[in-house]
Amino acid sequence: MPRTSAYETVLDAGQFTPTQLGTTAVGRLAFQAGARWLRDHVASHRTLVSQHQVGFVLWSWQLEYESPLGFLDADAALVDVRARLRGPAASQLEVEMTLSGPAGVAVRTRGASVPLRLGGDQALSGAPAPLPDALVAAFKDDEVERSPHRSAVRALRGRFERDGERLADGTTSYRVHRHHCEVADQWYWAETLGFAAGAREELVLRHGRSAPELRRALADGIRAVDVTWLRSGQLWDLLEVHSTAYRHGDELAFVHEIRLADDDGGPCALVVERI
């Protein structure tokens with residue numbers, strides 16, 4: 001049976017919006033949960049970097065809200081996390097987390113990372129490479145699966161563009177500052193969830209009068225988030241988030257494309273939020 005790490009995390013007001021546990025807060029909790037599982041069962045994140053010259057870059061992440069959990073509902077939540085290697089030659093690390101409150105599982109996340117062989121510089125730069133055999137051996141047989149993790153982002157975006165009704169679109173700019181970054185002076189992936197959330201709010205503020213149903217995005221909270229990262233933003237990069245809102249049946253969706261300003265090298269990340 002795959003191994004789990006389970007522990008209690010204390011909740012605080014800064015993790016919540018008026019409607020739910022914030023997406024960036026969930027991202028941070030998920031990253032910490034993955035680091036906790038690796039430390040408990042394989043090697044700590046620090047040990048992976050300093051002794052094995054191995055890093056991981058997150059490329060796909062999913063978040064689903066299941067049962068209500070607000071700030072006044074509980075002092076703490078139960079985190080349960082498990083991980084496994086996926087894909088040919090153990091080319092992906094998949095981490096699944098649930099966060100449970102009094103009403104049961106409140107949020108569920110799944111993320112897939114690609115292992116890197118680090119070059120030894122302070123920027124922690126590296127290239128995709130198989131995990132060393134010694135690290136693969138630390139995973140149990142039922143924690144290794146040959147089929148790869150697949151991102152749903154492009155399929156979701158295509159469905160909304162093809163079958164949905166466009167309600168509004170716009171662009172919001174951000175600069176990557178140090179408080180958005182991790183130790184390598186590149187953006188900390190969870191901060192991109194905040195860039196998308198801020199761009200969604202800007203879109204509602206600009207177009208909520210002409211398209212009143214957009215206001216649901218502030219009143220009702222988010223139901224699901226799907227993200228794929230294609231390249232990272234670096235310290236002091238200027239970003240542009242192009243956001244489009246769609247009606248698709250009873251569903252309201254926001255598709256965010258995060259790009260470097262004045263750069264045509266393709267998007268850095270795609271974020272799909274569903275209400």
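These are my notes on how the two domains of this predicted model meet.

**Ground rules.** Residues count from 1 along each chain as its sequence is written, and side-chain values use heavy atoms, with hydrogens and water left out. As the model is predicted, local features need pLDDT of at least 70 and side-chain atom pairs count only at pLDDT 80 or more, while totals for chains, interfaces and linings use all residues.

**Domains.** I looked up the split first: domain 1 is 4-149 and domain 2 is 153-274, with bounds from an automatic or database domain assignment. Their centres, taken over C-alpha atoms, lie 22 Å apart. In contact (heavy atoms within 4.5 Å) I find 18 residues from domain 1 and 20 from domain 2.

**Area.** The two domains bury about 1,700 Å² between them, 56% of it on carbon and sulfur atoms. That is accessible area (1.4 Å probe) lost on putting the two parts together, summed over both. I noted Arg28, Leu58 and Trp61, which supply 29% of what domain 1 buries against domain 2, more than any other three residues.

**Salt bridge.** How many salt bridges cross the interface of domain 1 and domain 2? I get one, by the rule of a Lys or Arg side-chain nitrogen within 4 Å of an Asp or Glu carboxyl oxygen. Arg28 also turns up in a salt bridge with Glu191, with the closest N and O atoms 2.6 Å apart.

**Elements.** On the side of domain 1 that touches domain 2, α1 (23-41) and β2 (54-65) are the elements giving two or more residues; helices (H or I, at least four residues) and strands (E, at least two) are DSSP runs, numbered from the N terminus. β2 gives the most, with eight residues.
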